[in-house]
Amino acid sequence: MDRQTTRISPADIDRQREFCEQIHERSAALPTPPLAFVDTYGCQQNEADSERIRGYLASMGYGFTESEEAADAIVINTCAIREHAEDRVLGNVGALVHAKRRHPGQIICLCGCMAQEPQVAEKIRQSYRHVDLVFGPHALWKFPELFCRVLTRRGRVFDIADEPGSIAEGIPVVRQSGIKGWVSIMYGCNNFCSYCIVPYVRGRERSRKPEDVLAEVKALADEGYRDITLLGQNVNSYGKDLGLDIDFADLLERIDAIPGDFLIRFMTSHPKDASQKLFETMARCKKVAPAFHLPFQAGSDRILKAMNRVYDRAGYLDKVRRLREQVPDVVITSDVIVGFPGETTPEFEETLSLIEEVRFNALFTFIYSPREGTPAASMPDPMSRAEKQANFQRLVDVQNVISAEKHAAYVGKTLRCLIDGVSEDAGSALTARTPGNRLVRVADGDASLVGQFRDVEITAANTWSLFGKLAGRG
């Protein structure tokens, strides 16, 4: 198959706007404006995709609701990373049959990574006949056209063709927050880790042009966004396909030069492409947050090779060392998989020893979940689920102690934090984030401070969060 990136033309996006206008006219003729419910599962990239789905729906004349019962259209944006997530989605989709019976005109759409898996799409086709529209990430740019086909009652619509992936600029966006903004700088993945379905459902790596990324970030900064996260399956690979002599570190530096008071974050990074140049750029840039999510997945070289991670334990540890040399206050988080096929107890112990050596601020931990179509799904896997669960708990216990100690070291410090919400917990009024993205529960203040940077004195801590008060108050 040709894996050349397709750049969707402005004319094609204009055609989608025409479909939006057609549907908007239809919506305007209704007694009350139609409502849509967009339900998102999975990663920040899915959240960014849902913001574009909402943008299209708003252009079609739809308002938004959080009620499945009140919705005239339901869009479920799915994740395929783990089996549990898929089971949860299918359970929720199955339950929608009751709402559809009560509201026969309701349109139900399933999109995202799950929808791109052929076996899932076939299951939806055969067993979930109340679902009207199924489309994968490659088809998101033409959602209005697909939705229009459903509205005009030409039967159920499936668009899940295996494509290399595309870049589409100019899609309208409705963001969920006026404080934090997601900016996709690239899509897809070329790494083919043996356990991961992402390259199969999101296509190959393809980078947005730097001028398009810079324009989007500048617009967010001009609108007052304070926390801007650059997204990609592997942001460190940015620019390799552009032929423009620009890499991710260069892009960070250009974004750092955009006027405004905001933080720049990014995720996620693959260790093989995390460069010394990137570490030095982080240290030099004033707006780049001292936070780095660097998945290591396993501490055993044999397991890393079986995972096709293309680095070894020593190389990973060396990059962590060099990162901390350049950014001494950096907060490092990571992903780790427990129970990869064939992992032995001594190999799991190597993962524990790496965690103790690095002392991550926090970990995202998972028990291996087989994904149909990936090489790891057919590997021998003799360790029992009970053994994997016991190892998982050991890992969590070790990391919880480290996280608590890391957080305790903040007590007595005053940090410039972004007030990002009103707390729902008793004993705190607001929530905030440190530059390293640690959650702070702030005892005082009111909702008028949300969206502002304020100095917060850290007064206490536990494993999962910090506690503080606005500096200079009592």
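**Exercise 1.** Which residue in S7 does Leu-133 stand opposite?

*Solution.* The model is predicted: local features need pLDDT of at least 70, side-chain atom pairs count only at pLDDT 80 or more, and totals for chains, interfaces and linings use all residues. Residues are numbered from 1 along each chain as its sequence is written, and side-chain values use heavy atoms, without hydrogens and water.

Step 1. Find the strands, which are DSSP runs of E with at least two residues; helices are runs of H or I with at least four, and both are numbered from the N terminus. Strand S6 covers residues 133-135.

Step 2. Check the pairing, which needs at least two DSSP bridges between two strands. S6 and S7 have three, in the parallel sense.

Step 3. Read off the partner: Val-157 stands opposite Leu-133.

**Exercise 2.** Place S7 in its sheet.

*Solution.* Step 1. The open sheet has six strands in the order S3-S2-S4-S5-S6-S7, with parallel pairing.

Step 2. S7 (157-159) is an edge strand, as is S3 (63-64); each pairs on one side only.

**Exercise 3.** Explain why strand S13 counts as largely enclosed.

*Solution.* Step 1. Apply the cut-off: buried means under 20% relative accessible area, exposed over 50%, partly exposed in between (1.4 Å probe, protein chains only).

Step 2. Four of the five residues in S13 (residues 263-267) are buried, so the rest of the structure largely encloses this strand.

**Exercise 4.** Describe how S20 meets S21.

*Solution.* Step 1. S20 (residues 453-461) pairs with S21 over five bridges, antiparallel.

Step 2. Glu-457 stands opposite Lys-469 in S21.

Step 3. Four residues form the hairpin connection from S20 to S21.
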